[in-house]
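Q: Could you walk me through this structure before I go back to the bench? I would like to go from the overall fold to the pockets and then to any odd backbone spots.

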Amino acid sequence: MVERMLKPMSSPLIVIYPGSFDPLTNGHLDVIARGAKLADELVIAVLRNSSKPDPLFSVEEREEMLREATTHLPNISVAAFDGLLVDFARARGAQAVLRGIRAISDYEYELQMAMMNRKLEPSIETLFLMPAEKYTYVSSRLIKSVAKLGGDVSELVPPNVLARLKDRSRRA
Ligand code: PNS
């Protein structure tokens, strides 16, 4: 049982952790573990209709990798979503959205998204958590480009993601 660290409320605290997760990194996992300690239920939400070009993994593969890597956390679920994040959050009865911030460079984009989401749905808060220092430079984009060129990313992604990255490189 993961103990709730925030002040207990009458209704369970449901938090959405949205992203592309192409692929999941140890930085994401670090934020997930921290979020799982604060929320009663943490829903990891993979964006389906992303404008990012050429995904490496399908949404289904990304969901599977997330599920495999979070089996040790009892209050986690994984889902895919389309359209507006606030609509998905509302449909799930969530009170908050969780985002990880690695460096100041993330802040501007995150602030814009948080403010737009607040404009669209004022009752949903955005919570920011920082991953461990050792992951502050890790991004899915860098992982993909380094792995594609044969670089060692074994300390930066969970083993199941590493295996899939290797498999993808072999087949490319
Ligand atoms: O991991 P990412 O790619 O930085 O995640 C971005 C994500 C999925 C959080 C963002 O693109 C999103 O919420 N998309 C859904 C569309 C939406 O709600 N847009 C309005 C808020 S800016």
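**Backbone, sheet and pockets**

A: Let me begin with D54, which counts as exposed because its relative accessibility is 71%. Please keep in mind throughout that this is a predicted model.

Q: Where does D54 sit, and what is the value of its phi?
A: D54 belongs to the loop between β2 and α2, and its phi is near 50°, which is a positive value in a residue other than glycine.

Q: Which other residue that is not a glycine has a positive phi?
A: F21 has one, with a phi of about 50°. F21 is placed in the loop between β1 and α1, and with a relative accessibility of 2% F21 counts as buried, whereas D54 counts as exposed.

Q: And which peptide bond is cis?
A: The bond from D22 to P23 is the cis one, with omega near 0°, and P23 is likewise found in the loop between β1 and α1.

Q: Okay, switching to the sheet: what is the strand order?
A: The sheet is open and has 5 strands in the order β3-β2-β1-β4-β5, with parallel pairing. β3 (76-81) and β5 (125-129) are at the edges with a single partner strand each, so one side of each has no neighbour in the sheet. Direction ignored, neighbouring strands of this sheet are turned against each other by 30° on average.

Q: How many bridges join β1 and β2?
A: The two strands pair in the parallel sense over 6 bridges, β2 covering residues 41-47. Within that pairing, P18 has A45 in β2 as its bridge partner.

Q: Back to that loop after β1: is S20 buried or exposed?
A: S20 is buried, because its relative accessible area is 17% and the cut-off for buried is under 20%. S20 lies in the loop that runs between β1 (14-19) and α1 (26-38).

Q: What does S20 touch, other than its neighbours in sequence?
A: Once the neighbours within four places in sequence are set aside, S20 is in contact with V46, S50, K52 and R62. R62, for its part, is one of the buried residues of helix α2 (residues 59-69), a group that also includes V59, M65 and L66.

Q: What do those buried residues of α2 pack against?
A: They pack against α1, β2, β3 and α6, the last of these being residues 159-171.

Q: Now pockets: what is the volume of the largest one, and which residues are closest to its centre?
A: The largest pocket has about 1400 Å³ of volume. It is lined by 46 residues, and the closest to its centre are G19, S20, K52, R99 and Y109, so S20, which is buried at 17% relative accessible area, appears here again.

Q: Which element gives the largest share of that lining?
A: That is α4, with 9 residues. At least two lining residues come from each of β1, α1, α2, β4 (96-100), α4 (104-120) and α5 (140-148). By class, the lining of the largest pocket holds 20 nonpolar, 15 polar and 11 charged residues.

Q: What lines the second largest pocket?
A: Its lining is made up of L56, K144, A147, K148, L165, R168, S169 and A172, and the elements that give two or more of these residues are α5 and α6. The second largest pocket holds about 190 Å³ of space, and its lining has 4 nonpolar, 1 polar and 3 charged residues.

Q: Since α6 came up, is R170 buried or exposed?
A: R170, which lies in helix α6, counts as exposed, with a relative accessibility of 64%. The C-alpha atoms of R170 and F57 are 15 Å apart, while 113 residues separate the two along the chain.

Q: Last one: how many cavities of 30 Å³ or more does a search of the whole structure find?
A: It finds 1 such cavity, and the volume of the largest cavity is about 40 Å³. The residues that line it are V15, G35, L38, A39, L42, L98, L127 and L129, with α1 and β5 each giving two or more of them.

Q: What classes do those residues fall into?
A: The lining of the largest cavity divides into 7 nonpolar residues, 1 polar residue and no charged ones.

Note on methods: Residues are numbered from 1 along each chain as its sequence is written. This is a predicted model: local features need pLDDT of at least 70, side-chain atom pairs count only at pLDDT 80 or more; totals for chains, interfaces and linings use all residues. Side-chain values use heavy atoms; hydrogens and water are left out. Helices (H or I, at least four residues) and strands (E, at least two) are DSSP runs, numbered from the N terminus. Buried means under 20% relative accessible area, exposed over 50%, partly exposed in between (1.4 Å probe, protein chains only). Contact means heavy atoms within 4.5 Å. Two strands pair if DSSP finds at least two bridges between them. Axes are lines fitted to C-alpha atoms, for helices over the stretch in contact, and angles run from 0 to 180 degrees between N-to-C directions. On a 1 Å grid over the protein atoms alone, a cavity is a set of points where a 1.4 Å probe fits but cannot get out, and a pocket is an open set with protein on both sides within 12 Å along at least five of seven lines; lining residues have an atom within 4 Å of a point. Grid points are joined across faces, edges and corners, and a volume is the space filled by probe spheres set on the points. Ala, Val, Leu, Ile, Met, Phe, Trp, Tyr, Cys and Pro count as nonpolar, Asp, Glu, Lys and Arg as charged, and the others, Gly among them, as polar.
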